[in-house]
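Hello,

Here is the structure I promised to pass on to you. Please open it alongside this note, and my summary follows below.

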Amino acid sequence: MTPQRPIEIVGGGLAGLSLGLALRRAAVPVTIFEAGDYPRHRVCGEFITGLAPATIARLGLAPFLADALHHREVAWFIGSGADAPPARIQTLPSPALGLSRHALDHRLAAAFLAAGGDLRTRTRVADADADVGPGRIWTTGRRRGQSPWLGLKIHARGLPLSRDLELHLGDFAYVGLARVEDGSVNVCGLFRRRELCAKGPHLLLGYLQASGLTVLAARLAASALEATSFCAVAAVGFDRHVAAPADNRVCLGDTCSRIPPFTGNGMAMAFQSAEIALAPLVAYSSGATDWSATCQAIHHAKRRRFRLRLATAAAVHPFLFHPPRQRLFAALNRAHLLPLRPLYAALH
Ligand SMILES: Cc1cc2nc3c(=O)[nH]c(=O)nc-3n(C[C@H](O)[C@H](O)[C@H](O)COP(=O)(O)OP(=O)(O)OC[C@H]3O[C@@H](n4cnc5c(N)ncnc54)[C@H](O)[C@@H]3O)c2cc1C
């Protein structure tokens, strides 16, 4: 019988769980260490763009996505504009999937356990003491650092949407609204940090008002907000490049590179990075390759796949935050000079 070297995964988010599950299906012994537990809400816009059928098939994700909503139309709103109509309606080249992280992460964790995986929840691996030796994968999500950006999210009921997805650009803020599988609307925003004295849902309402998104704040205040779904994440940062591997570490998902949320592509990238790592890790586990070659193969494949979209997203991102650039964005859009289809292709 082929010897199976074990794989350890630190971080049970989308990259870690989908990789762990796919490795188990290839009979690789896998342990996942996860700091939190399931189910849990996460700061995320909860719409997935650019996830190709081939990735879904290779990772066996179809059963977990079966009840995801299919979003096709995006309405862009710039500023509060009282009851102004959307600045643009965009039809996506392929539907985005609307699914809550509460459901998705929980389903993947249950499937990993059912496939014989060893899942250690409430177990934080300290980076400082971390073993960087062979067989350990890092999927711990975004890296901590200095950043003025704050992410806030909540689910709301009784909140009608003008299109499948709404994207609102405010003063140093943008907010996405998308319905998820249980019929509620996920409201998730990225805001430049301000000194506001509020907590929970009131903090989100305060940020919407302070960012000039007063009409959206009033719509939210009139809906039924699910306080238990509220969550926040500070110091959100983004990358222009795929980080080079250090100490023969394999980093996947956000640990390797974080794309701005307006793309709705971070979750797809987490799955794609798991897809990239799968075959090299199976080869390593069977003894066919050594760890150093495995790390290099994964890194080069990630660079090829993600380089263009990270650079494009980093170039577009400032236009969504700064009011003067937003006005330029709107003017280009009115003049039909925004190449949305090529941009979408570069971003996915
Ligand atoms: C405001 C905002 C909105 C977003 N909206 C969207 C969107 O609409 N669509 C989209 O596709 N993407 C979106 N994203 C990005 C998306 O959420 C991420 O790209 C995705 O979650 C990355 O998955 P991951 O598995 O790499 O990391 P995560 O999902 O963050 O998982 C990392 C896991 O590691 C665990 N962990 C961390 N440290 C340790 C440790 N030391 N030991 C053990 N466990 C640890 C954490 O508890 C967590 O469960 C958004 C991000 C933000 C900030």
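Let me begin with one aromatic residue: Tyr174 is buried, with a relative accessibility of 4%. Buried here stands for under 20% relative accessible area and exposed for over 50%, with partly exposed in between (1.4 Å probe, protein chains only).

Before going further, some ground rules. This is a predicted model, in which local features need pLDDT of at least 70 and side-chain atom pairs count only at pLDDT 80 or more, while totals for chains, interfaces and linings use all residues. Residues are numbered from 1 along each chain as its sequence is written, and side-chain values use heavy atoms, with hydrogens and water left out. Helices (H or I, at least four residues) and strands (E, at least two) are DSSP runs, numbered from the N terminus.

**Aromatic pairs**

Rings of Phe, Tyr and Trp (its six-membered ring) are paired if their centres lie within 6.5 Å; planes under 30 degrees apart are stacked, over 60 edge-to-face, and the rest tilted. The count by this rule is five aromatic pairs. In one of them, Tyr174 meets Phe262 edge-to-face, at 6.2 Å centre to centre and with 85° between the planes. Tyr174 belongs to strand 10 and Phe262 to the loop between strand 13 and helix 7, so this pair ties together parts that are 88 residues apart in sequence. Phe262 is buried too, at a relative accessible area of 10%.

Tyr174 also pairs with Phe321, this time tilted, at 5.0 Å centre to centre and 40° between the planes. Phe321 sits in the loop between helix 8 (291-316) and helix 9 (323-334), 147 residues from Tyr174. With 1% relative accessibility, Phe321 is buried. Ring pairs join Trp149, Tyr174, Phe262 and Phe321 into a cluster.

Two arginines also have their charged ends over rings (a charge sits over a ring if NZ of Lys or CZ of Arg is within 6 Å of the ring centre and within 35 degrees of the ring normal). Arg192 does this with Phe172, 3.9 Å from the ring centre, and Arg249 with Trp138, 4.5 Å from the centre.

**Salt bridges**

Side chains of opposite charge can pair when their charged atoms come close. Taking a salt bridge as a side-chain nitrogen of Lys or Arg within 4 Å of a carboxyl oxygen of Asp or Glu, the count comes to 15. One of them joins Arg58 and Glu275, whose closest N and O atoms are 2.3 Å apart. Arg58 is in helix 2 (residues 53-59) and Glu275 in helix 7 (residues 266-285), so the bridge ties together parts 217 residues apart in sequence. Arg58 is exposed, at 55% relative accessible area, whereas Glu275 is buried at 8%.

Asp105 and Arg101 form another salt bridge, at 2.8 Å from N to O. These two residues are four apart in helix 4 (residues 101-114), or about one helical turn. Asp105 is buried at 0% relative accessible area, and Arg101 is buried at 9%.

Which residue forms a salt bridge with Asp239? The partner is Arg258, with the closest N and O atoms 2.9 Å apart. Asp239 lies in the loop between strand 12 (224-233) and strand 13 (250-251), and Arg258 in the loop between strand 13 and helix 7, 19 residues away. Asp239 and Arg258 are both buried. Elsewhere, salt bridges that share partners connect Glu34, Arg40, Arg101 and Asp105 in one network.

**The sheet and helix 5**

Two strands pair if DSSP finds at least two bridges between them. Eight strands make an open sheet of mixed pairing, in the order 3-5-4-9-10-11-8-12. At its edges are strand 3 (47-48) and strand 12, each pairing on one side only. Strand 8 (residues 149-157) runs antiparallel to strand 12 and is joined to it by six bridges. Ala156 stands opposite Leu225 in strand 12.

Helix 5 (residues 200-210) has as its buried residues Gly200, Leu203, Leu204, Leu205, Gly206, Tyr207 and Leu208. They pack against strand 8, strand 10 (173-179), strand 11 (185-192), helix 6 (214-221) and strand 12, where contact means heavy atoms within 4.5 Å. Just after helix 5, Gly212 has a positive phi of about 80°.

Best wishes
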